[in-house]
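Me: I'd like to talk through this one before I go back to the bench. Can we start with the overall picture and then go into some detail?

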Amino acid sequence: MKYLHTMVRVTDIDASLDFYVNKLGLEEVRRKEVPQGRYTLIFLAAPGQAGVAEVELTYNWDPEAYGEGRNFGHLAYEVDDIYATCQKLMDAGVTINRPPRDGYMAFIRSPDNVSIELLQKGGAKEPQEPWTSLPNTGKW
């Protein structure tokens with residue numbers, strides 16, 4: 001398993017970049033605009049640390065109040081086999097809140113309800129059962 005990033009939702013891209021880049025000293029590594037999802041992702045890292053432990057700033061284009069700590073998004077880990085990892089977690093009693101129906105991404109939650117994203121290393125695997133038929137469970 002490899003730690004990828006921590007996601008934080010932001011309400012003002014300019015103010016957030018001023019803080020994280022100009023004041024804190026992080027560097028913008030990459031940016032992704034997703035018009036169909038109406039959000040922008042901006043990945044930041046300490047100088048020379050791209051791909052090691054990044055912060056993902058998520059800006060949702062439609063305004064939303066982030067109460068109850070919703071501005072903190074999730075921890076993300078890359079795994080060698082998303083299906084084997086999810087099966088091992090399920091066998092250990094962990095709820096798969098968002099199953100890897102796409103062969104790429106799943107979400108679970110810690111005992112303290114911290115969302116954890118699991119991403120398939122190297123791109124999506126072929127979708128397969130039982131994962132493609134499993135519904136989301138609770139919040140993720």
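The chat below goes from the overall fold to one hairpin and then to the surface.

Me: What kind of model is this, and how many helices and strands does the chain have?
Reply: This is a predicted model, and its chain has two helices and seven strands.

Me: And in what order do the elements run?
Reply: Starting at the N terminus, the order is β-α-β-β-β-β-α-β-β. The chain is as compact as a globular protein of its length, because its radius of gyration of 16 Å is close to the 14 Å that the globule rule gives for 140 residues.

Me: What box do the C-alpha atoms fill?
Reply: Taken along the principal axes, that box is roughly 45 × 35 × 30 Å.

Me: Which way do β2 and β3 pair, parallel or antiparallel?
Reply: Strand β2, residues 27–34, pairs with strand β3, residues 39–45, in the antiparallel sense, and seven bridges join the two. One of the bridge partnerships places Arg31 opposite Ile42 of β3.

Me: What about the turn, how many residues are between the strands?
Reply: The hairpin of β2 and β3 has four residues between its strands, and Arg38 there takes a positive phi near 60°.

Me: Switching topic, how much of the chain is buried?
Reply: Of the 140 residues in the chain, 36% are buried, while the area that the chain exposes comes to about 8,200 Å², with carbon and sulfur atoms supplying 52% of it.

Me: And where do the charges sit on average?
Reply: The chain has 15 positive and 20 negative charges, and the mean positions of these two sets are 2 Å apart.

How values were computed: Residues numbered from 1 in each chain as written. Predicted model: local features only at pLDDT ≥ 70, side-chain atom pairs only at ≥ 80, totals over all residues. Heavy atoms only, no water. Rg over C-alpha atoms; globule rule 2.2 N^0.38 Å. Buried < 20%, exposed > 50% of the residue type's maximum accessible area, 1.4 Å probe, protein only. Areas by Shrake-Rupley, 256 points an atom, 1.4 Å probe, with all protein chains shown as cover. Lys, Arg positive; Asp, Glu negative; His and termini not counted. Charge placed at Lys NZ, Arg CZ, Asp CG, Glu CD. Pairing = 2+ DSSP bridges.
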